[in-house]
Amino acid sequence: MSLTLPQVRRVAQLARIEISDAEAETTLGHLNGIFTLIEAMQAVDTNGIEPMAHAQDVAQRLREDRVSEENRREAMQAIAPETEAGLYLVPKVIE
Amino acid sequence: MIGKPLKELGKALADKEISSVELTQLHLDRIARLNPEINAFITVDAEKSLAQARAADARIAAGLAGPLTGIPIAQKDIFCARGWRTTCGSKMLGNFVSPYDATVIEKFDAAGTVNLGKTNMDEFAMGSSNETSHFGIVRNPWDRSRVPGGSSGGSAAAVAALMAPAATGTDTGGSIRQPAALCNLTGLKPTYGVVSRWGMIAFASSLDQAGPMARTAEDCALMLNAMAGFDEKDSTSLERPTEDYTRDLEQPLKGLKIGLPKEFYGEGCDASVMARVQDAIAEYRKLGADTVEISLPNMQHGVAAYYVIAPAEASSNLSRFDGVRYGYRAPEYSDLADMYQKSRAQGFGAEVKRRILIGTYVLSHGYYDAYYLQAQRIRRLIANDFVEAFKQCDVIMGPTSPCTAFGLGEKSADPVQMYLSDIYTIAVNLAGLPGMSIPCGFSDLGQTRLPVGLQLIGDYFGEARLLNVAHRYQQVTDWHLQQPKE
């Protein structure tokens with residue numbers, strides 16, 4: 001299979017990455033090369049094989065629901081691009 | 001003291017032959033001299049390192065030292081370290097000063113080691129040559145026109161150039177073992193779940209695992225003793241009894257069964273690499289080991305499955321970088337969506353974007369079954385091959401990398417060529433097994449002498465056995481002691 005330019009733009013949009021026309025062209029070439037490598041996988045008979053999501057087949061650990069972290073809002077927000085009164089600032093989304 | 005194994009450094013510190021401040025300063029001096037060209041470190045902070053060294057000296061004076069107290073260790077810049085800039089090799093985190101410590105960093109602090117600085121790496125650990133770092137390429141100390149491997153290329157180059165006694169690395173598809181091979185180091189990727197991933201910036205969470213990079217297997221064992229252990233902050237950390245990874249180092253190898261997968265010994269590997277690997281196998285036979293041919297029939301699909309699974313997980317993990325809570329935010333944008341798109345377009349480099357796009361595509365509606373689930377089924381087949389193989393042998397051996405260090409820029413234009421440099425290491429991550437690379441000789445290309453790595457793969461939780469197998473070889477060979485010319 002082979003990807004198309006509109007598909008590349010669509011995937012970039014889903015991934016929230018701005019992409020120029022020139023970048024989309026280069027990316028298309030690279031992705032098609034990579035997918036040629038990946039496609040070989042389709043020839044493998046995996047009927048009845050359980051997908052392996054994780055290296056260890058262990059159940060998620062459960063823990064008591066209790067406060068374990070102290071409030072470090074100031075330290076955490078000191079590294080944010082823009083904050084005000086303890087809030088993260090982003091462009092207005094509701095008119 | 002430069003180039004000495006950790007055990008000797010520990011003894012010299014305990015015997016007061018040298019202080020941690022002096023030892024740290026010696027290495028800082030080498031970094032100041034060599035790093036401008038080799039570029040193994042992204043961040044060096046002499047004040048911080050020396051403060052830790054003074055604390056270590058106090059601890060030694062008080063008689064409270066452990067085996068690593070006072071020893072400077074370089075930390076891959078993927079580990080969050082409180083108060084240290086932690087970039088993960090990305091412009092996205094170019095100004096990120098971590099407000100907390102990774103568990104690995106906490107554990108090294110508890111052991112009393114000195115953080116010598118943060119090492120260069122491929123951006124978000126995505127690469128096999130250290131050429132995708134936003135902070136510049138790293139040069140291989142054995143030949144400065146060549147790559148050190150990746151993604152832990154800065155850690156490898158730092159130890160190889162004797163700027164650090166040892167370093168940490170992380171390995172998602174070969175990122176400890178391949179640079180170890182290309183820089184003549186001993187590197188260990190533990191069984192998935194043995195070392196905590198808390199505070200280690202995530203690439204592909206079901207594959208990522210941290211481990212040591214050092215000169216000898218014994219050094220790796222001492223490092224792993226400090227790094228391993230259950231951590232309730234990592235939901236995939238395994239609850240297991242504490243191990244002393246040095247305990248079996250001296251065990252004789254008589255009767256050891258070495259599996260040689262025929263898939264590792266076919267086409268696709270440079271003859272000069274294969275010759276050194278065969279020499280190493282012959283050396284193991286002399287040590288009393290027996291070899292048996294085995295097969296890992298599904299390994300050939302490992303690279304394809306990996307380049308679905310790892311990008312899929314990365315596309316999800318890296319969605320957190322949106323320019324809101326930390327990291328890079330574009331200077332100009334029209335609205336919220338535009339802010340996300342521009343921040344991510346400007347903050348990520350080309351390889352990271354490529355992998356996010358692959359991951360987004362394979363997880364998107366209509367493609368999930370054909371790619372993601374198929375890759376996970378192949379992952380199971382690959383893991384099953386290893387289970388079968390370990391019924392016939394104790395350890396698997398083969399090349400770590402199909403080639404020695406390649407030239408800067410040689411593979412960076414073609415992602416597929418770059419991806420194939422991990423052909424022998426990827427299956428180990430997919431299965432979650434422990435793997436090592438140890439120096440096994442050199443390939444001589446005219447004037448250039450380039451290291452070759454032997455890969456050792458163990459069964460689950462077989463780290464102590466692997467370290468034993470590596471250590472005994474290092475008792476009868478001196479490849480690991482060879483150092484590059486300055």
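Reader: How many residues does each chain bring to the contact between chain A and chain B?

Author: Chain B brings 53 residues and chain A brings 41; two residues are in contact if their C-beta atoms, placed from the backbone, lie within 7 Å. A word on the model: it is predicted, so local features need pLDDT of at least 70 and side-chain atom pairs count only at pLDDT 80 or more, while totals for chains, interfaces and linings use all residues. Residues are numbered from 1 along each chain as its sequence is written, with chains lettered from A and ligands numbered from 1 in the order in which they are written.

Reader: Which helix gives the most to the side of chain B that touches chain A?

Author: That is helix 12 of chain B, with ten residues.

Reader: Why is helix 1 of chain A called roughly perpendicular to helix 2 of chain A?

Author: Helix 1 (residues 5-14) and helix 2 (residues 21-39) of chain A pack at an angle of about 100 degrees, their axes 9 Å apart. Angles of 65 to 115 degrees count as roughly perpendicular (under 35 is roughly parallel, over 145 roughly antiparallel, the rest oblique), so helix 1 of chain A is roughly perpendicular to helix 2 of chain A.

Reader: What makes B:Phe108 in helix 4 of chain B count as buried?

Author: A residue is buried if 20 or more other C-beta atoms lie within 10 Å of its own (exposed if 12 or fewer, partly exposed in between). B:Phe108 is buried, as are B:Thr103, B:Val104, B:Ile105 and B:Ala111 in helix 4 of chain B. Their cover includes strand 2, strand 4, strand 6 and helix 7 of chain B.

Note on methods. Axes are lines fitted to C-alpha atoms, for helices over the stretch in contact, and angles run from 0 to 180 degrees between N-to-C directions. Helices (H or I, at least four residues) and strands (E, at least two) are DSSP runs, numbered from the N terminus.
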